[in-house]
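This report describes selected features of the structure shown below. It turns from one chain to the contact between chains, and then to a pair of packed helices.

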Amino acid sequence: MAQSASSNTGAGLTLEEGWQGAVSDWSSDQRAFKKVPWGKALMWIFLLSDTFVFSCFLIGYMTVRNSTTVAWPNPSEVFALHVGGVEVPLLLIAIMTFILISSSGTMAMAVNFGYRQNRKVTFYLMFATALLGLSFVGMQAFEWTKLIVEEGVRPWGNPFGAAQFGSTFFMITGFHGLHVSGGVIYLFYIAFKVLRGDCDRKGNYEIVEIAGLYWHFVDLVWVFIFAFFYLW
Amino acid sequence: MAHADAKPQGTATTEGQQHPIGIYFKIWGLLFVLSALSYMVDYMQFEGYLRWFLILVFMLLKAGLIIAVFMHMIWERLAIVYAILVPPSVLLVFVALMTLESDHTWFTRITFFAQGS
């Protein structure tokens, strides 16, 4: 019963397309997610739950920002960097955004090369993804240090305006940074499994795609944080 | 489950998400352009409704591209697409409720401070 649980996907069946396919999949008295390995379905369900966690944070942020009578600090100025005598708004955040998007690109290609059974390239691309993730965390550490030590931002107050700025900032970016850090460890682990030849022995590179889903999700969350916290 | 258990192991490769590599480069480039554009919204100091509109447009385009292509959603069967993408729509109700709630809080604070007590 359990021997092929990870890679049997019901692919031998004739499946209907469109919404009728969705109805017959769900009512088939079998697994509902045809052609989706269990690991991938469960990662998606985990990511769905994580969506709600991050949404709660962002909605909480919206609530305190919308209800405070004190002016909200201008993120464009708070996160500006001094380069060559001029203040460039949001520079570090922009660089972090591009780094995370690049890591998503390398990850997507790692998944692609995984399905071509190319062990070496998959490993290199995953390793590059993890390194980009690591540099993202490093920049975030720099950003936090600058904010805490130089600007005096605290969860209970800051010199720029509404006190809720600090608490929501540390909560949201901190939780995201934790996800990135966890993702880096996860990616290194899967990358070394790939290099060791685990996927070749098993005959499939599913675990690379599953790790990829997690990593793209981390990038996805950053898209929303960038828009709502840094740009709004 | 018996139908699927008969399948031998090690044949899953043909079922995976296999797509030409070019599409990832195109999406990657698009995401770069969209990120640059959303950064420009701040750099050019757009204000008010135009700013919020542009931020939301670029954000949704980026999110859509990541989910659709990088996370392979457009190639999945509708059963899982609906199961994953429909539930978050209730968040819009949550946003609406908390907007009302926070407006009310703001209003009571303003009236309280106006009394000077």
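## Chain B, the chain contact and a helix pair

Of the 117 residues in chain B of this predicted model, 17% count as buried. Chain B has five helices and zero strands, so that its elements, read from the N terminus, follow the order α-α-α-α-α.

The contact between the chains draws 59 residues from chain A and 54 residues from chain B. On the side of chain A that touches chain B, at least two residues come from each of α1 (18-26), α2 (38-67), α4 (91-115) and α8 (206-231).

Two of these helices, α2(A) and α8(A), also pack against each other, at an angle of about 15° and with their axes 10 Å apart. The two are therefore roughly parallel, because the angle falls under 35 degrees. Their crossing is right-handed.

To this packing α2(A) contributes Gly39(A), Lys40(A), Met43(A), Trp44(A), Leu47(A), Asp50(A), Phe54(A), Leu58(A) and Tyr61(A). From α8(A), the residues in contact include Glu206(A), Glu209(A), Ile210(A), Leu213(A), Tyr214(A), Phe217(A) and Val221(A), along with Phe224(A), Phe228(A) and Phe229(A).

The residue classes of the two contacts are set out below.

| Contact | Nonpolar | Polar | Charged |
|---|---|---|---|
| Side of chain A that touches chain B | 29 residues | 24 residues | six residues |
| α2(A) with α8(A) | 14 residues | one residue | four residues |

Conventions: Residues numbered from 1 in each chain as written. Chains lettered and ligands numbered in written order. Predicted model: local features only at pLDDT ≥ 70, side-chain atom pairs only at ≥ 80, totals over all residues. Helix = DSSP H or I, 4+ residues; strand = E, 2+ residues; numbered from the N terminus. Buried ≥ 20, exposed ≤ 12 C-beta atoms within 10 Å, placed from the backbone. Contact = placed C-beta atoms within 7 Å. Nonpolar A, V, L, I, M, F, W, Y, C, P; charged D, E, K, R; others polar. Axes fitted to C-alpha atoms, helices over the stretch in contact; angles between N-to-C directions. Parallel < 35°, antiparallel > 145°, perpendicular 65-115°, else oblique. Left-handed = near helix turned anticlockwise from the far one by under 90°.
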